[in-house]
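Hi,

Here is the model I said I'd pass on. Have a look at it first, and my notes follow underneath.

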Amino acid sequence: MSKAIALFSGALIFSLGCAGPALTSRVVQQDSSWFVRLDSYQDGGNSSGRYEHPATWTIDELSAVLSRLLLEDRVGLMDRARPPRPLFSSEEIVLLAPAIVDSFRRATPSEWVSFSLSSPGASGVIVTSGGMFLADSRFHVIIANHRALLAKDSEEPANVRANPLRSIRGSGGTLTFESARFVTGTQPNWSGSHRVSASELILDHRAFLSFFKLPAAVAPAQALGLVPPATSSAPGPHRDRPATTGETDAQMVILRLREEVERLKKTVEAQEAEIVRLKHAADQPSRSSSVP
């Protein structure tokens, strides 16, 4: 068990006998409808797990990750699966990304990044909240509430503001990523000290960012006719520059093609195995009938 997971498991055990461990917060940026801050436990014993903070992101890197986070609805066996929906809108990413990047830069090894977004609803306030941290060379994203409608006259909006990891009615689904190959795990997260869990995604962000920044990935896409060739007349190497929007789109097309090829390979292998099984079953009666 990683130190980060052990930290949150300790919070769960602590919460069984009371309302949960007290938090201390450092606001990084806030407005009347949203905030990004750094949270940690007041009790030093609960901060024995250490995160890989401070950490350096660029806004482009973090935005690339946030824009590919998805929430997959939980459905029953007889229900038709619905396509995953984006966790954040483009406007929310533009709002949050700079503050989250700044938070990771400021964070100490015992602090994680918390965020909350709210907007007025027909009969209350619509809230999205959660947290993020780096541990064991992985990026952890926790979503506790996603566009949850909370009554204004209840205590819940204040409870979520006090602890954005507190899930009121569940996250509404399971966190996933646009390209599943970079996901190393998903799990319930009970650190919000409530009767329902949040959803936590563990992402190999370094592998994704390495792919995201790889300009060489554009060439195969051009060969397939998926994107037009670059028309820039600027000479010289450009390997160290960030990927442009067109390059990034081409990279994701290639990634999807690779995943589709792998899926088709597995399908063919399964079909071949089934053919072998059927041939073996068909041979059995003839063999048995030839025996006197």
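Before the strands, one convention: two strands count as paired if DSSP finds at least two bridges between them. Also keep in mind that this is a predicted model.

With that in hand, take β6 (125-135) and β7 (138-150). They run antiparallel to each other and share 10 bridges, and V125 has L150 in β7 as its bridge partner. The two strands make a hairpin with two residues between them. Both residues in that loop caught my eye. D136 sits between β6 and β7 and has a positive phi of about 55° without being a glycine. S137 is in the loop between β6 and β7 as well, and its phi is positive too, at about 60°, again in a residue that is not a glycine. For context, most residues other than glycine have a negative phi. Neither of them is hidden away: D136 is partly exposed at 45% relative accessibility, and S137 is partly exposed at 23%.

β7 itself is mostly covered, with 10 of its 13 residues buried. It also pairs with β10 (residues 198-203), antiparallel, through five bridges; there, H140 faces I202 in β10.

Elsewhere there is an open sheet of three strands, in the order β4-β3-β8 and with antiparallel pairing. Which strands are at its edges? They are β4 and β8 (174-177), each of which pairs on one side only. Between β3 (residues 69-72) and β8 there are four bridges, and L70 lies opposite T176 in β8.

On to the helix I spent most time with, α3 (90-106). How does its length compare with what 17 residues should span? At 1.5 Å a residue, the expected value is 24 Å, and the end C-alpha atoms are 25 Å apart, so the two agree. That doesn't make α3 straight, though: there is a kink of about 35° at L96, shortly before the proline P98. Its buried residues include E92, I93, L96, A97, I100, D102 and F104, so you'll find charged residues in that list too, if you count by name. What do these buried residues pack against? Their partners are β1 (23-30), β2, α2, β5, β6 and β7.

That leads to the nonpolar cores. The largest has 39 residues, and those with the most contacts inside it are W57, F88, I100, F104, M132 and F139. α3 is the biggest contributor to this core, with seven residues. F104 shows how far the contacts reach: leaving aside neighbours within four places in sequence, it touches H53, P54, A55, W57, V113, M132, F133, L134 and F139. Apart from this core lies another one of 10 residues, among them A135, I142, A144 and L165. As a rule, nonpolar side chains in soluble globular proteins tend to be buried together.

Two of the contacts of F104 deserve a second look, namely H53 and P54. The peptide bond joining H53 and P54 is cis, with omega at about 0°, and P54 belongs to the loop between β2 and α2. Most peptide bonds, by contrast, are trans.

Last, the aromatics. The structure holds 10 aromatic pairs. In one of them, the ring centres of Y51 and W112 are 6.3 Å apart with the planes at 85°; over 60° counts as edge-to-face, so this pair does. The pair links distant parts of the chain: Y51 is in the loop between β2 (34-41) and α2 (59-66), W112 is in strand β5 (residues 112-120), and 61 residues separate them. Both rings belong to buried residues, with relative accessible area at 4% for Y51 and 2% for W112.

F88 and F115 make another edge-to-face pair, with centres 5.7 Å apart and planes at 65°. This one also links distant parts of the chain, 27 residues apart: F88 is in the loop between β4 (85-86) and α3, and F115 is in strand β5. F88 is buried at 5% relative accessible area, and F115 is buried at 0%. Finally, ring pairs tie Y41, Y51, W112 and F133 into a cluster.

Shout if you'd like to go through any of this together.

Cheers

Terms used
Residues numbered from 1 in each chain as written. Predicted model: local features only at pLDDT ≥ 70, side-chain atom pairs only at ≥ 80, totals over all residues. Heavy atoms only, no water. Phe/Tyr/Trp six-rings, centres within 6.5 Å; stacked < 30°, edge-to-face > 60°. Buried < 20%, exposed > 50% of the residue type's maximum accessible area, 1.4 Å probe, protein only. Expected span 1.5 Å × (residues − 1). Bend = angle between axes of the 7 residues up to and from the residue. Contact = heavy atoms within 4.5 Å. Core = buried A, V, L, I, M, F, W, Y, C linked by side-chain atoms within 4.5 Å.
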